[in-house]
Every structure is written in C-alpha cells, then in structure tokens.
Amino acid sequence: MKTPSASILAPVGIIASAVLLSACGSMDKSPRFNPASVPESIRVPAGNQVAWETTGRGEITYECRDKANAPGQMEWVFVGPKADLMDRSGKKVGTYYGPPATWEALDGSKVTATQLAVAPSGEGNLPYQLVKANPAMGSGAMTGVTYIQRVALKGGVAPAMACTAGNKGQRQIVNYQADYIFWK
C-alpha cells in the first residue's frame, strides 16, 4: 500500500528530473573561444577548425642583457616559458616550455611552431600571437595541429625593474596566463 507522501513524491521527482534534463539540454555547448574576437592579424585561415582549447598558467623567465645593436644599452630579454596547460574543466592536459616554444600533451605528442603574427592585447600583457605548427612529434592530441593562437592574456611582460650594467645577467620570473587555441 502506498502512503500519501510516496504518491506525491513520485510525480514531483519526475517533474524535477524533467526540468533538470531540459535545463541541461539548453546549456551552451559551444566552446568559450570566439574566433571573431581576436584581431584580424592573428586569425587562422579558413578551412581550419578549433580542435582543443587550453589555458596556460605559468611563468616566463627574462634576463638582463646587452641590447642588440645598441652598445652600452641594456634590456630584459625573453629567455623562455614554463606553464601547465589545463582544459576548460581545469584538468592538466599538457605543458608549454621552451626554447624552442613547445606544446606537449600528456600523451607525449608535441609540436613546435613558427610565429606568423602578433597584436597588442592590453597594457601589461603579452601580445596576442598566431603560430604555424610544425608537424607533430609522436601521435596523440597534437597530431594534425596546424595553428596555435595565444589569446586571453594576463601578465607576462618584462619586469618593471631597471635592467642596468649593475644587474646584467640577473634573471627575473614573471607570472602569466594565456589561452592556447589549437587548430586542425
């Protein structure tokens, strides 16, 4: 024999399930990245599709060195990056390091690339970047990657500290974050 509370709870449970399912069905399943949101100069050529969206969180090392072709002048020189690549759920899926600039998936596949274009991305941030991927090493997530865009930047520029003869050779580490969009 059913109790009155059970006969009321069953339809309520069914209705609640239906509401949840319909809400899930209407959730936006599109990727976060909007290709039209970046400057024209770093857009990927037609015929390529977004294959993977990651966020790189890490650091960039700079070194105080003599300025090229400017005797007696000093500048902070980019030495290399070191970052973890996270998927949109926050799970680590790879690393980014260099030189040379290398994106490596946890499955061991990796790519290096050649810079094609940059564009300003805001005060205190590294520039937007478009690179053409070289053929992947190993097979896995990086197989078939054609282009990589660096977007959604936070930080990463050379230190504000003066670079002088007195601190020549000194290294400084700067934190940064950027989305890396992989195209195939």
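Colleague: By class, how many nonpolar residues are in the lining of the largest pocket?
Modeller: This is a predicted model. The lining of the largest pocket has 3 polar residues and 1 charged residue. The nonpolar count is 13.

Colleague: How much space lies in that largest pocket, and which residues are closest to its centre?
Modeller: The space in the largest pocket is about 180 Å³. The lining takes in 17 residues. Closest to the centre are Phe78, Tyr96, Ala101, Trp103 and Gln129.

Colleague: Which strands each supply at least two residues of the lining?
Modeller: Four stretches of the chain are listed here, 74-86, 110-119, 128-133 and 171-183. In that order, they are β2, β5, β6 and β8.

Colleague: Tyr96 is in the lining of the pocket. What is the angle between the planes in the aromatic pair of tyrosine 96 and tyrosine 180?
Modeller: First, the search of the whole structure finds 6 aromatic pairs. One of them is an edge-to-face pair, phenylalanine 33 with tryptophan 183, at 6.4 Å centre to centre and 85° between the planes. Tyrosine 96 and tyrosine 180 form a tilted pair, 5.0 Å centre to centre. The angle between their planes is 45°.

Colleague: How many residues apart are tyrosine 96 and tyrosine 180?
Modeller: Tyrosine 96 is in strand β3, residues 92-97. Tyrosine 180 is in strand β8. The pair links distant parts of the chain, and the separation is 84 residues.

Colleague: Is tyrosine 180 buried or exposed?
Modeller: The cut-off for buried is under 20% relative accessible area. Tyrosine 180 has 1%, so it falls under that cut-off. Tyrosine 180 is buried.

Colleague: Which residue forms one aromatic cluster with Tyr96 and Tyr180?
Modeller: Tyr96 and Tyr180 already form a pair of their own. The cluster also takes in a tryptophan, one of the residues closest to the pocket centre. That residue is Trp103.

Colleague: Where does serine 109 lie, and why does it count as buried?
Modeller: Serine 109 lies in the loop between β4 (102-105) and β5. Among the residues it touches are Trp103, Glu104, Met137 and Met142. It counts as buried because its relative accessibility is 0%.

Colleague: Which residue's side chain does a polar contact join to that of serine 109?
Modeller: A polar contact needs N or O atoms within 3.5 Å. Here the distance is 2.6 Å, side chain to side chain. The partner of serine 109 is aspartate 107.

Notes: Residues are numbered from 1 along each chain as its sequence is written. This is a predicted model: local features need pLDDT of at least 70, side-chain atom pairs count only at pLDDT 80 or more; totals for chains, interfaces and linings use all residues. Side-chain values use heavy atoms; hydrogens and water are left out. On a 1 Å grid over the protein atoms alone, a cavity is a set of points where a 1.4 Å probe fits but cannot get out, and a pocket is an open set with protein on both sides within 12 Å along at least five of seven lines; lining residues have an atom within 4 Å of a point. Grid points are joined across faces, edges and corners, and a volume is the space filled by probe spheres set on the points. Ala, Val, Leu, Ile, Met, Phe, Trp, Tyr, Cys and Pro count as nonpolar, Asp, Glu, Lys and Arg as charged, and the others, Gly among them, as polar. Buried means under 20% relative accessible area, exposed over 50%, partly exposed in between (1.4 Å probe, protein chains only). A polar contact is a pair of N or O atoms within 3.5 Å; within protein, one must be able to donate a hydrogen and the other to accept it, and residues adjacent in sequence count only if both atoms are side-chain atoms. Contact means heavy atoms within 4.5 Å. Rings of Phe, Tyr and Trp (its six-membered ring) pair if their centres lie within 6.5 Å; planes under 30 degrees apart count as stacked, over 60 as edge-to-face and the rest as tilted. Lists of a residue's contacts leave out its neighbours within four places in sequence.
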